[in-house]
Amino acid sequence: MKYCTPEQAGISSRQVQKFYQALEDYHLSTHSVIMARGDKIFSECYYAPFHRDFKHRMYSVSKSFITAAIGFCVQDGLLSLEDKMTDYFPEYLNENADEIMRSATVRDMLQMQSSIEKLKRKWFYENTDDRNKTYFLTKSQKYPGTLFTYDSSGSYMLNVIVEKLTGKPFLQYLQEKALNDIGFSKDSYCIQVPGGHSFGDSGIMCSAMDLLLYARFIMNRGAWNGKQYLDKAYVDEALNTSVFNRDDYGFISHGAHGYGYLIWGAPRGGFAFLGMGNQIALCDVEHDFIFIINSDNQGNQYGYEHIYEAIYHHIIDHLSDGEALPEDREAEAELRKIEQSQKLFYLRGKTNSPFSEKINAKTFVCEPNPMGIKQFSLRFDGDMGVFSYENEQGKKEFPFGFGKNCFAKFPQSGYSDLIAGAPCPGHLYDAAFSADWCGEKTLRIRVQIIDKYFGNMAILLGFQDESHVTVRMVKTAEAFLDEYEGLTRAVAK
């Protein structure tokens, strides 16, 4: 990939500035952004502490990588799309694997039209030593190939098929087949699940630039620098987003433009790879434009819609038909300054309250509560603070900033690391902590986990007076931070 000015790409630098301002106006927690037209990047931005080489969790964008892995297996003669999925799992079949389930093909699974509507149990909470088992705990609920149902476990099973057939992690297989040649990071990897397979439906760890390269590879229909790596006819099938994936007759959301082979349709004939928290690779075929964004907006139900509105309204709607625009050096310099100065989202309300002096360093004893927090205290020092507390693991604390983030380890120990769903004793996640006063006696603390796993938490402390407080904790994270959700009252010692 090369670099150019926005004007050379057919859009004004001032218009690109409006896009970045829209992300700020929506209070989105953005980590990185890349915009490219053809093989030229015209905007690239990393929100500190994120940076160009950071290996970001792609969540369900990972599924769209499985698409290419299956395609290469077909190309190598290892499988057919008409193969029955269950034929690859004879060791797991049980009474639930009826003839309906056994009729589901690899193609059905790629199109998320399997026999499963909803899994009976989630593997995250099974404490299993083999995730594969959980798929076969559920009986058939619909006929394969009839109705779309978003099915993360089904795409995971496809990843397992690739690994069974190739004898190697599916991402390694992809790297050897094509990704290494297109410049994809050789140190990218995929988190594993209990049982030894890759967390193929959610666990790819790669850079934003890697995602751009892969999106361009698919946009090129499996070709790179004149060489056809993946069969073009297969990629055309994968991008045929004709599977109906809407259940309503009203608003068409970001994810209701049809579905292909683990690839989402997008407005105006485009396509997209989408992942939890707003990991997005959006490909606008009409303008040969690719938009990459990594974020953690879990808990924000409007995240996708805000991002789609911003990218279409401020960028795609203003792309020229291919002609370059006159250069605007002043506007471009302003844009580059914006790109280079962005920081991770932090709370931006009031940074002080006279009430803080009344509760500074006081210890508050909690009533029994779902969080298991026994007591806590707050210490304030200028634009910094410390939240100290005691829970079932013992005494803990973390810093927070007013008008900025503080970066430290989140003190809860033992969450998963390289094997999802498996406790890792002593392991701590990197996190960002900020706070503000949303009322004279109401303190808000935001915790953002920024590690191999992303999640966030809000702590609201509403003080009746300097001796009585109600605490609410709300978390949005997949299978962790569960100890930090609930309500309690506390009284000063």
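Biologist: How many nonpolar, polar and charged residues are in the lining of the second largest pocket?

Modeller: That lining has 11 nonpolar, 5 polar and 3 charged residues. Ala, Val, Leu, Ile, Met, Phe, Trp, Tyr, Cys and Pro count as nonpolar, Asp, Glu, Lys and Arg as charged, and the others, Gly among them, as polar. The model is a predicted one, in which local features need pLDDT of at least 70, side-chain atom pairs count only at pLDDT 80 or more, and totals for chains, interfaces and linings use all residues. Residues are numbered from 1 along each chain as its sequence is written, and side-chain values use heavy atoms, without hydrogens and water.

Biologist: What volume does the largest pocket have, and how is empty space found?

Modeller: Rolling a probe the size of a water molecule over the atoms shows where empty space is left. On a 1 Å grid over the protein atoms alone, a pocket is an open set of points with protein on both sides within 12 Å along at least five of seven lines, a cavity is a set where a 1.4 Å probe fits but cannot get out, and lining residues have an atom within 4 Å of a point. Points are joined across faces, edges and corners, and a volume is the space filled by probe spheres set on them. In this model the largest pocket has a volume of about 780 Å³. It is lined by 34 residues, of which K122, Y150, S152, S153 and E478 are the closest to its centre. The elements α6 (152-166), β10 and β21 (468-477) each contribute at least two residues to this lining. Its classes are 14 nonpolar, 9 polar and 11 charged. The second largest pocket holds about 300 Å³ of space. Among its 19 lining residues, Y415, S416, G421, A479 and F480 are the closest to the centre.

Biologist: How many cavities of 30 Å³ or more does the structure hold?

Modeller: There are 3 of them. The largest encloses about 40 Å³, and its lining consists of H31, S32, Y46, F50, H51, F54, H56, A208 and N294. These divide into 4 nonpolar and 5 polar residues, with no charged ones.

Biologist: In which order do the 7 strands of the open sheet stand?

Modeller: Strands of a sheet pair through backbone hydrogen bonds, either parallel or antiparallel. Two strands pair if DSSP finds at least two bridges between them; helices (H or I, at least four residues) and strands (E, at least two) are DSSP runs, numbered from the N terminus. Here the order is β1-β3-β2-β12-β11-β10-β9, with mixed pairing. At the edges stand β1 (2-3) and β9 (264-266), each with a single partner strand, so one side of each has no neighbour in the sheet. Within the sheet, β11 (279-284) and β12 (289-295) run antiparallel and are joined by 5 bridges, with C283 opposite I290.

Biologist: Which strands does helix α1 touch?

Modeller: Contact means heavy atoms within 4.5 Å. Helix α1 (13-25) packs on the sheet and touches β2 (30-37), β3 (40-46) and β12, its direction making about 155° with that of β2. Axes are lines fitted to C-alpha atoms, for helices over the stretch in contact, and angles run from 0 to 180 degrees between N-to-C directions. Helix α8 (208-219) lies across β1, β2, β3, β10 (270-275), β11 and β12, at about 145° to β12.

Biologist: At what angle do the axes of α2 and α6 cross?

Modeller: The axes of α2 (61-75) and α6 cross at roughly 40° and come within 10 Å. From α2, residues K63, I66, A69, I70 and C73 meet S152, S155, L158, N159, V162 and T166 of α6. By class, this contact comprises 6 nonpolar, 4 polar and 1 charged residue.

Biologist: How many residues lie between β15 and β16 in their hairpin?

Modeller: There are 2 residues between them. The strands β15 (384-391) and β16 (394-402) run antiparallel over 8 bridges, and G385 faces F400 across the pair. On the other hand, β16 pairs with β18 (430-439) in the parallel sense over 2 bridges, where F402 stands opposite A435.

Biologist: Where does the backbone depart from the general pattern, as at P49 and N127?

Modeller: Most residues other than glycine have a negative phi, and most peptide bonds are trans. A cis peptide bond joins A48 and P49, with omega about 15°; P49 is in the loop between β3 and β4. N127 has a positive phi, near 55°, and is located in the loop between α4 (106-110) and α5 (132-135).
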